[in-house]
Amino acid sequence: MVVTTRTLGRGGIEVSALGMGCWAIAGPWWEGSQPLGWGAVDDDESIRAVRRALDLGITLFDTAD
């Protein structure tokens, strides 16, 4: 598989043009008693997903909400 890259910002860092959105694997959090986030996550499954993305050449991981 050929991975297309892009330059990120002005620092010259090369990242994959395709990224993985990781916010959903952050799991639950609360604001006071109000539950927020995506709910419970399986850490092992999340690790497998990130490793698979790396195996496929993904180098851009977006953790922003």
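## Exercises on a predicted model

W23, with a relative accessibility of 30%, counts as partly exposed, and this value, like the others below, is computed from a predicted model.

**Exercise 1.** Find how many aromatic pairs the model holds, and decide whether the rings of W23 and W29 are stacked, edge-to-face or tilted.

*Solution.* Begin with the rule for a pair, which asks that the ring centres lie within 6.5 Å; by this rule the count comes to one aromatic pair. The ring centres of W23 and W29 are 5.8 Å apart, and their planes stand at 45°. Planes under 30 degrees apart would count as stacked and planes over 60 as edge-to-face, so the pair of W23 and W29 is tilted. As a last step, turn to the surroundings of the second ring: W29 is partly exposed, at 32% relative accessibility.

**Exercise 2.** Work out in which sense strand 4 and strand 5 pair, and what joins them.

*Solution.* Strand 4 covers residues 28–31 and strand 5 covers residues 34–37, and the two pair in the antiparallel sense over four bridges. One of the residues to follow is E31, whose bridge partner in strand 5 is Q34. Two residues lie between the strands, which together form a hairpin; in its turn, G32 has a positive phi of about 65°.

**Exercise 3.** Decide whether R6 and S46 are buried, partly exposed or exposed, and describe the contacts of each.

*Solution.* Take R6 to start with, a residue of strand 1 (residues 5–8). Its relative accessible area is 48%, and because exposed means over 50%, R6 is partly exposed. Leaving aside neighbours within four places in sequence, R6 is in contact with I13, E14, V15 and A17. The chain also brings S16 into the picture, since the C-alpha atoms of R6 and S16 are separated by 6.2 Å although the two residues are 10 places apart along the chain.

Now turn to S46, which belongs to helix 1 (residues 43–55). Its relative accessible area is 10%, and because buried means under 20%, S46 is buried. Not counting residues up to four places away in sequence, S46 touches I25 and V41.

**Exercise 4.** State which residues UniProt assigns to the feature "domain: NADP-dependent oxidoreductase", and describe that span in the model.

*Solution.* The UniProt record, an unreviewed entry, places this feature at residues 18–65. In the model, the span is 27% helix and 29% strand, and the C-alpha atoms at its ends lie 18 Å apart.

Methods:
Residues numbered from 1 in each chain as written. Predicted model: local features only at pLDDT ≥ 70, side-chain atom pairs only at ≥ 80, totals over all residues. Heavy atoms only, no water. UniProt positions renumbered as here; feature names shortened; annotations may be inferred. Buried < 20%, exposed > 50% of the residue type's maximum accessible area, 1.4 Å probe, protein only. Contact = heavy atoms within 4.5 Å. Pairing = 2+ DSSP bridges. Phe/Tyr/Trp six-rings, centres within 6.5 Å; stacked < 30°, edge-to-face > 60°.
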